[in-house]
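Here is a short tour of a protein with a bound ligand, written for someone who likes to check the geometry. Please have your viewer open as you read.

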Amino acid sequence: MKADYVIVGAGSAGCVIANRLSADPKVSVVLLEAGPADLNPWIHIPVGYFKTIHNPTVDWCYKTEPDQGLNGRSIDWPRGRVLGGSSSLNGLLYVRGQPQDYDRWAQMGNKGWGWEDVLPLFKRSEKNERGADEFHGDQGNLSVSNMRIQRPITDAWVEAAQSAGYKFNPDYNGADQEGVGFFQLTAKNGRRCSSAVAFLNPVKSRKNLTIITHAQVEKLDIKDKRAVAVRYKDRSGTEHIVEAGREIILSGGSINSPQLLMLSGIGEAAQLAEHGIEVVADLQGVGKNLQDHLQARLVYKSNEPTLNDEVGSWLGQARIGLKYLMFRSGPMTMAASLATGFMKTRPEVETPDIQFHVQPLSAENPGRGADKFSAFTTSVCQLRPESRGEIRLASADGRTYPKIIPNYLATETDCRTVVAGINIARTIARHAPLTSKISTEFRPHPDLPMDDYDATLDWARSNTASIYHPTGTCKMGSDKMAVVDDRLRVHGIAGLRVADCSIMPEIVSGNTNAPAIMIGEKASDLILQDYR
Ligand SMILES: Cc1cc2nc3c(=O)[nH]c(=O)nc-3n(C[C@H](O)[C@H](O)[C@H](O)COP(=O)(O)OP(=O)(O)OC[C@H]3O[C@@H](n4cnc5c(N)ncnc54)[C@H](O)[C@@H]3O)c2cc1C
């Protein structure tokens, strides 16, 4: 098989690129996806992430190595392995980050990635039900909508945060991110709008676009420093080769893109040698610079019923199901959280450095079933961690998962920010009207004094989890740790780009799906410009 462009990975970014490149009928595009088509019905029901994460038919079900920063714990790192990638099983929250994030990328020397450059791309993708304005688009493929569910406990959290001195912000994706308010989600009429739904479904019938599922790419063929073909195995284990006339684009995400580069001989020479892989390009930064958002989930028992009670009985579940079937509203339309807040932990930070995700329910573990008592969750995460982890090869075999070494809470600033975030969460819980709705703090625990820094940090190390935003492992730039340049071309190899969350030099200050889609838009423009 041969195509002009071969895209590896049909995730948030890959689906956009497949759409944009195949818009010219004279150009042939092959999109290869390791997972299946998105036929599991739970994918398309927003709250279905409770059924799809940890489900190996659509989730890679990664786990980290035991992490010193987490008191030696190994934690879950779900990643979509299905058309739409992680956008098919994520929490649907539509967040872009801060303008300053992208301006910093540009200041690092990445031309064309400043806020003024990327805002038009966010707007181009977006079809926001609130309509178009200076910051939003309403003509794009990606449906963005308001919540179709409201709960008194999350409303009370937003009010309590205001009582605690944080301003209300009706649009955290607008002029200013700071403040508290309610999430928008990537959904249309109460159905998930994944990147596959938004960008692939409308163009699937194009004759010049071939989408192959169950196709896990295990190696790139590189001749004279040019990427010329990919090798993938189908479900039966048979190997196929797809030659690329113009380019290969890796959109496998922050774990798989660096793994595939290393399997193909592009990476740190010493590490490749450990696995007997011939070095094609000694790029030390491949797999390095791993960043993620770590969430501390505080749970409060409530003296009023919460969603835990609604989902805790067959009758409640039947009512929820009926409401969805009849009105496309209610808990089944719920994104991973309802309310949010972007705040500063210290006056000297220029922009918010923590984010809240507030849910009208609680669970021991996300995706593992609601608690059997009335409660709600306020999750808080640091937005711009300094700690850097790594993806390392575990084997030269493409089917063996690489090692995920997150290296959380490895710097003083990260520890202080996480502890400050937990304390802000606890302070908000002590403000009206939440005070009258909370019966007791369940996590961390009322016996943990707020001024005990060491004990709070230790609680964080033993109880925090990923909020699933790995980024940065094929970072863009021109320094010696950079993997791609600012046109997303792999340094030293022709005909090969990376376009997914792995190219972020620094993680954005927010959730990462919308930024991944923007990266897909930008990559498409760069590829088309370079060809012309
Ligand atoms: C459970 C969960 C909840 C999240 N919640 C939110 C949220 O609410 N809001 C938000 O903004 N972000 C959220 N995120 C993060 C966001 O969804 C991801 O950052 C984003 O989807 C990543 O996009 P990507 O294009 O980099 O990679 P992905 O979307 O992960 O796509 C990579 C694709 O490549 C495929 N692939 C990988 N390797 C190969 C190979 N060798 N051969 C062929 N195919 C391959 C994968 O199967 C996958 O389909 C969440 C993520 C998860 C997992």
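Is Asn71 buried or exposed, or something in between? Asn71 is partly exposed, because 15 other C-beta atoms lie within 10 Å. On this scale a residue is buried with 20 or more other C-beta atoms within 10 Å of its own, exposed with 12 or fewer, and partly exposed in between, the C-beta atoms being placed from the backbone.

A word on the source: this is a predicted model, in which local features need pLDDT of at least 70, side-chain atom pairs count only at pLDDT 80 or more, and totals for chains, interfaces and linings use all residues. Residues are numbered from 1 along each chain as its sequence is written.

**Backbone points worth a look**

Asn71 sits in the loop between strand E3 (62-63) and strand E4 (76-77). Helices (H or I, at least four residues) and strands (E, at least two) are DSSP runs, numbered from the N terminus. Most residues other than glycine have a negative phi, and most peptide bonds are trans. The table gathers three residues with positive phi.

| Residue | Phi | Place |
|---|---|---|
| Asn71 | about 50° | loop between E3 and E4 |
| Tyr468 | about 75° | loop between strand E24 (465-466) and strand E25 (496-498) |
| Arg328 | near 50° | follows helix H11 |

Tyr468 is buried, with 23 other C-beta atoms within 10 Å. There are cis peptide bonds to visit as well. One joins Ala432 and Pro433, with omega about 0°, and Pro433 belongs to the loop between helix H12 (412-428) and strand E23 (438-443). Another runs from Arg443 to Pro444, with omega near 5°; Pro444 is placed in the loop between E23 and helix H13 (453-463).

**Around the ligand**

The ligand is surrounded by 44 residues, and the closest are Gly9, Gly11, Gly85, Gly91 and Asn511. Here a residue counts as near if its C-beta atom, placed from the backbone, lies within 6 Å of the molecule. Helix H1 (12-21), strand E12 (216-223), helix H8 (253-263) and helix H14 (513-531) are the elements that give two or more residues to this shell. By class, the shell holds 20 nonpolar, 20 polar and four charged residues. In this scheme Ala, Val, Leu, Ile, Met, Phe, Trp, Tyr, Cys and Pro are nonpolar, Asp, Glu, Lys and Arg are charged, and the others, Gly among them, are polar.

**Two helices to compare**

H1 is mostly covered, as ten of its ten residues are buried. What covers these buried residues includes strand E1 (2-8), strand E2 (29-32), helix H7 (195-200) and H14. For H11 (residues 314-327), the number buried is zero out of 14, so this helix lies largely in the open. The end C-alpha atoms of H11 are 20 Å apart, which agrees with the 20 Å that its 14 residues should span at 1.5 Å a residue. That expected span is 1.5 Å times one less than the number of residues.

**Domains and core**

An automatic or database domain assignment supplies the domain bounds. Domain 1 is 1-36 + 76-141 + 190-263 + 274-291 + 390-398 + 469-532, and domain 2 is 148-182 + 294-382 + 409-463. Their contact takes eleven residues from domain 1 and 16 residues from domain 2. Two residues are in contact if their C-beta atoms, placed from the backbone, lie within 7 Å. The C-alpha centres of domain 1 and domain 2 are 32 Å apart.

The largest nonpolar core has 151 residues, and Val6, Ile7, Ala18, Leu32, Trp157 and Ile248 have the most contacts inside it. Its largest share, eight residues, comes from H12. Both domains give residues to this core, so it lies between them. Such a core is a set of buried Ala, Val, Leu, Ile, Met, Phe, Trp, Tyr and Cys residues joined through C-beta atoms within 7 Å. Leaving aside neighbours within four places in sequence, the contacts of Ile7 include Gly14, Ile17 and Ala18.

**A long-range pair**

Glu65 is found in the loop between E3 and E4. The C-alpha atoms of Glu65 and Ile404 are separated by 5.7 Å, although these residues are 339 residues apart along the chain. Beyond its neighbours within four places in sequence, Glu65 is in contact with Ser74, Lys403, Ile404 and Ile405.
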